Amino acid sequence: MQFFIDSYFPDTIDAVGDAGMAGFDEKRPLYLSGSKKFLAHYREEIKSLHQAGASGSDVAHLLSDMMDALHNRLFLSIVYDLGGGDVMLEHVSLVAVGGYGRGELNPYSDIDVMFLHDGVLPVATVEDIAQKLLYFLWDMRLDVGYSVRMIADCVEMAASDGTVKTALMDARFLSGSRPLFDVLYKVIFSQILPKSSNSFIKEKIADMKSRREKYGSTVYLLEPNLKEGEGGLRDLQTAIWVARVKYKFSDLRELIIKGILDDEELESYYAALDYLWRIRNELHYFNGRKNDQLTFDAQVHLAGFLGYRDSGRMLAVEEFMRDYYRHANKVEHFTSSLISRCIWRDEGALKILGYFVRRPVGDGCFVLKGELIIPDESVVEKNPVVMMKIFELAQKHGVMLNVRVKGVIRRNLALVNDKFRRNRDVNQSFLNILRSAKGVAETLRLMHHLEFLNRYIPELENIYCKVQHDMYHIYTVDIHTLFAVEQTEKMLSGEFKTIMPLPCAIAAEINKPELLIMAVLFHDIGKGSGGGHAEKGAAMIPTIARRMGLSREGSERLEFLVRYHLLFAHISQRRDLNDEKMITQFAHQMETSENLKMLYLLTVADVRAVGSDVWTNWKASLFQELYEKAFAVLDRGGFQQEASSERVTAVIKKVTAILENDLPAAEVRQELRSMPVRLLLSNPPTLIAEQVRLLLGLERSDILLRLSHQPESDCSEYTICAHDTPGLFSRITGVMAANGINILGAHINTSKNGKVLDILQVNSPQGNLVTDSARWDKIEHDMRQVIHGEVQVSALVARRKRPTLLTVRPAPRFATKVDIDNEVSEEYTVIDILTHDKVGLLYLITSTLAEMGLYIGVSKISTKVDQVADVFYVRDIFGLKITDPEKLSEICSKLMTAIDEWV
């Protein structure tokens with residue numbers, strides 16, 4: 001594309017220089033108008049080419065060429081209008097630096113320029129030229145950075161500031177004095193690049209590390225940063241900067257001549273740039289501004305733009321992101337490989353010197369300077385088993401793989417075939433890795449990074465770079481799995497002993513830790529095959545186990561753990577843990593205490609690996625309660641207890657004895673006989689005694705409230721004691737919602753005498769204890785007013801809205817789901833609701849249930865970022881389960897309508 005800029009300006013350069021013509025100030029409005037029209041016209045043309053399928057490289061270079069034409073025209077016009085003419089141009093150069101210097105601009109990229117001068121012109125004159133040009137660019141809403149420097153300034157600043165050094169590396173002449181720029185170019189290669197090159201390389205590597213800590217230390221974040229994230233544009237740039245400082249080249253092809261890169265690697269570098277630029281170009285156009293975050297809504301848009309389409313097994317956006325992660329992985333490999341070559345000594349010197357200091361560790365492998373090396377790389381082709389041994393030896397000796405060894409593995413992945421997978425030595429070596437006391441997760445992560453793990457266990461290919469398009473999971477399935485392995489390893493080693501004493505104690509009792517690690521590694525393996533991933537994953541296990549030579553017992557346990565890996569979390573968070581029959585059924589399903597222990601540890605690792613804020617003390621307490629109750633059943637082979645009537649009688653006797661000095665025994669016994677049997681059988685006598693005090697206190701006050709903080713669970717227990725009225729629990733949830741209190745769970749206990757004891761577990765929406773006494777006083781005030789009918793709870797909830805000044809982050813949408821289960825509980829119909837979180841949602845659901853004449857006995861609430869899984873144990877007005885199909889259908893319909901229409 002040619003840029004005909006002169007047609008947009010009032011005069012030619014020659015005419016502008018004539019004495020009779022108007023000066024700069026008179027022409028400025030015309031220049032500005034012409035510049036805007038020029039930009040508008042060619043920006044639209046370039047955008048059209050982009051939309052028609054132009055490559056990322058073509059668009060980036062065209063945008064840069066367009067800015068070159070504009071800068072040069074304005075720069076020359078300003079110089080001539082100031083009366084400087086050719087004489088002034090001999091002493092000043094306009095230089096593009098940074099990304100603009102590389103000729104790489106995206107639609108809303110920053111533009112960096114330098115006004116280079118030789119000191120002959122007064123600095124004020126050069127500053128005046130710079131200011132005039134910059135004000136033009138700023139008036140056109142361009143994001144421009146600039147500097148005014150002499151060559152000596154460049155040398156001095158580059159020595160103390162790495163960013164200046166990198167910007168100058170990419171310097172490119174635009175206009176003005178070419179000889180002056182040529183001097184700078186020579187200085188860059190003769191003085192700036194050689195100076196402190198080793199410290200510069202270390203600084204860039206440190207920058208890359210801190211950047212990854214800020215933007216995510218893995219390629220596989222679900223909303224990656226295209227520029228700064230691992231596997232992004234900045235990684236490619238860093239690798240080239242480091243190589244340029246080390247090898248002093250001006251053209252990348254010099255790296256091929258020097259033997260640093262081969263043709264294929266250089267081609268992959270250009271392909272990676274092109275791919276990322278194409279995405280970045282569209283990302284800028286889509287947002288209408290500079291933005292490098294691949295947010296969920298941007299991902300959906302980009303998938304459509306790039307031609308991806310939904311298929312039966314995978315959404316278009318998931319397929320696009322899977323390809324993106326594969327590209328990012330290649331970028332990361334290219335970057336680390338090139339940087340490693342730059343920081344190592346010349347290979348020849350390494351071979352001569354290394355021969356005397358290297359340490360043999362077996363199978364043709366040696367350890368040298370903390371790295372595992374293979375001097376004779378043909379050993380892998382002769383004996384492919386060595387590939388697995390490489391990982392085992394590196395783990396055993398606590399060393400890294402040399403970059404050349406990584407290359408050997410990548411180049412020989414084709415040797416990992418079915419014969420390799422069934423080889424006894426290979427499988428024994430892999431099991432040795434899993435049994436090791438240290439470095440298990442690190443070794444598996446390295447195998448995954450080199451794509452060796454997927455070749456060895458091809459079923460893992462199903463979840464490689466597999467996206468879960470929601471806000472709950474922040475990593476791809478494969479990376480989540482590796483994080484879960486890391487969590488498991490830390491429980492097995494006891495590293496988490498202080499923060500997770502029970503899981504670590506249980507982990508120490510596990511007979512075959514390698515089986516637990518494998519269960520964690522395979523727990524989500526079915527996710528790449530569509531719905532029902534637990535069953536689909538379990539179906540794959542026998543084939544994998546046979547191939548690896550596992551025993552029948554090991555294979556069956558592995559299959560069991562994969563099949564039921566969702567069960568423990570589901571029951572602990574969404575079922576009534578005071579339901580003895582349900583606990584007994586779950587325990588019997590576990591079959592053995594070893595299965596229960598492993599499933600508990602797998603579930604803990606799975607939840608903790610989702611994200612740092614997903615695991616909470618509240619969840620830990622629920623997990624512990626289910627584990628201990630189920631273990632007790634397995635330990636004694638069943639409850640084997642006396643009939644419930646006998647147990648109730650024993651409880652009444654114990655509680656009466658506790659209260660004998662405080663309350664009349666007859667009143668206590670009468671109150672206890674009115675209380676629900678499940679309440680008496682699921683709580684210790686001391687707690688029941690306190691509840692009796694509250695219930696009897698209703699004779700003196702119509703509402704009693706009690707607050708008890710439980711720091712070990714990061715929640716508080718809030719008890720409301722009142723006389724039963726229709727919709728009471730709904731009003732209670734409304735008051736809590738109106739005051740920004742998060743309800744985790746609730747037990748609603750209605751006595752035969754019409755008294756209600758509602759026990760809530762609550763905390764803040766951020767998952768913290770709420771200890772502010774003034775806030776609790778307000779809650780008590782609102783609660784009394786609402787229960788007395790002095791204030792409408794709906795009005796309180798309506799006033800609590802999300803802050804309007806905050807931008808709500810777009811999130812993937814899914815349909816509200818309502819399931820009804822009449823099998824899990826003997827006494828209640830269980831309603832499971834999965835939907836998006838909204839302010840006052842729990843109040844909405846409970847009030848809808850109340851309107852339908854349903855009474856809630858137990859409620860459990862689980863929130864995952866933007867998703868809510870609410871469970872309600874309900875009965876009808878007669879205290880019976882709801883079994884009529886029409887009534888059940890009506891419940892589902894009314895709940896879904898109410899939720900979807902709630903704003």
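Helices (H or I, at least four residues) and strands (E, at least two) are DSSP runs that are numbered from the N terminus, and the expected span of a helix is 1.5 Å times one less than its number of residues. The model is predicted, so that local features need pLDDT of at least 70 and side-chain atom pairs count only at pLDDT 80 or more, while totals for chains, interfaces and linings use all residues. Residues are numbered from 1 along each chain as its sequence is written, and side-chain values use heavy atoms, with hydrogens and water left out.

**Exercise 1. Find the expected span of helix α24 (residues 477–493), compare it with the distance between its end C-alpha atoms, and describe how the helix is covered.**

Step 1. Helix α24 has 17 residues, which at 1.5 Å a residue should span 24 Å, and its end C-alpha atoms are 24 Å apart, so the two values agree.

Step 2. Buried means under 20% relative accessible area, exposed means over 50%, and partly exposed lies in between (1.4 Å probe, protein chains only). By this rule 12 of the 17 residues of α24 are buried, and the helix is mostly covered; among the buried ones are Val477, Ile479, Leu482, Val485 and Met491.

Step 3. Contact means heavy atoms within 4.5 Å, and what covers the buried residues of α24 includes α22 (440–449), α25 (501–507), α26 (513–522) and α31 (593–608).

Step 4. Just after α24, glycine 494 takes a positive phi of about 85°.

**Exercise 2. Which residues have the most contacts inside the largest nonpolar core, and what does phenylalanine 430 touch?**

Step 1. A nonpolar core is a set of buried Ala, Val, Leu, Ile, Met, Phe, Trp, Tyr and Cys residues joined through side-chain atoms within 4.5 Å. In soluble globular proteins, nonpolar side chains tend to be buried together.

Step 2. The largest such core holds 109 residues, and those with the most contacts inside it are Leu372, Phe430, Leu444, Phe452 and Phe522. Helix α31 gives the most to this core, with 9 residues.

Step 3. Apart from this core lies another, of 70 residues, which includes Leu184, Trp277, Phe320 and Cys342.

Step 4. If residues up to four places away in sequence are not counted, phenylalanine 430 touches Met388, Leu444, Met447, Leu453, Tyr456, Ile457, Leu521 and Met548.

**Exercise 3. Classify the ring pair of phenylalanine 38 and tyrosine 42, and then place phenylalanine 586 in its surroundings.**

Step 1. Rings of Phe, Tyr and Trp (its six-membered ring) pair if their centres lie within 6.5 Å, and planes under 30 degrees apart count as stacked, over 60 as edge-to-face and the rest as tilted. The count by this rule comes to 27 aromatic pairs.

Step 2. The ring centres of phenylalanine 38 and tyrosine 42 are 5.0 Å apart and the planes stand at 55°, so the pair is tilted. Because phenylalanine 38 and tyrosine 42 are 4 residues apart in helix α2 (residues 24–51), about one helical turn separates them, and both are buried.

Step 3. Phenylalanine 586 belongs to one aromatic cluster with Phe568, Tyr600, Trp615, Phe623, Tyr627 and Phe631. Phenylalanine 586 has its place in helix α30 (residues 580–590) and, at 1% relative accessibility, counts as buried.

Step 4. When neighbours within four places in sequence are left aside, phenylalanine 586 is in contact with Leu567, Phe568, Ile571, Leu596, Leu626 and Ala630.

**Exercise 4. Which parts of the chain do the salt bridges of arginine 102 with aspartate 170 and of arginine 445 with glutamate 486 join?**

Step 1. A salt bridge is a side-chain nitrogen of Lys or Arg within 4 Å of a carboxyl oxygen of Asp or Glu, and a search of the whole structure finds 48 of them.

Step 2. In the bridge between arginine 102 and aspartate 170, the closest N and O atoms are 2.8 Å apart. Arginine 102 lies in the loop between α5 (98–101) and β2 (111–117) and aspartate 170 in the loop between α8 (162–169) and β4 (172–176), so the pair ties together parts that are 68 residues apart in sequence.

Step 3. Arginine 102 is partly exposed, with a relative accessible area of 24%, whereas aspartate 170 is buried, with 7%.

Step 4. Arginine 445 forms a salt bridge with glutamate 486, with the closest N and O atoms 3.1 Å apart. This pair links distant parts of the chain, since arginine 445 is in helix α22 and glutamate 486 in helix α24, 41 residues apart.
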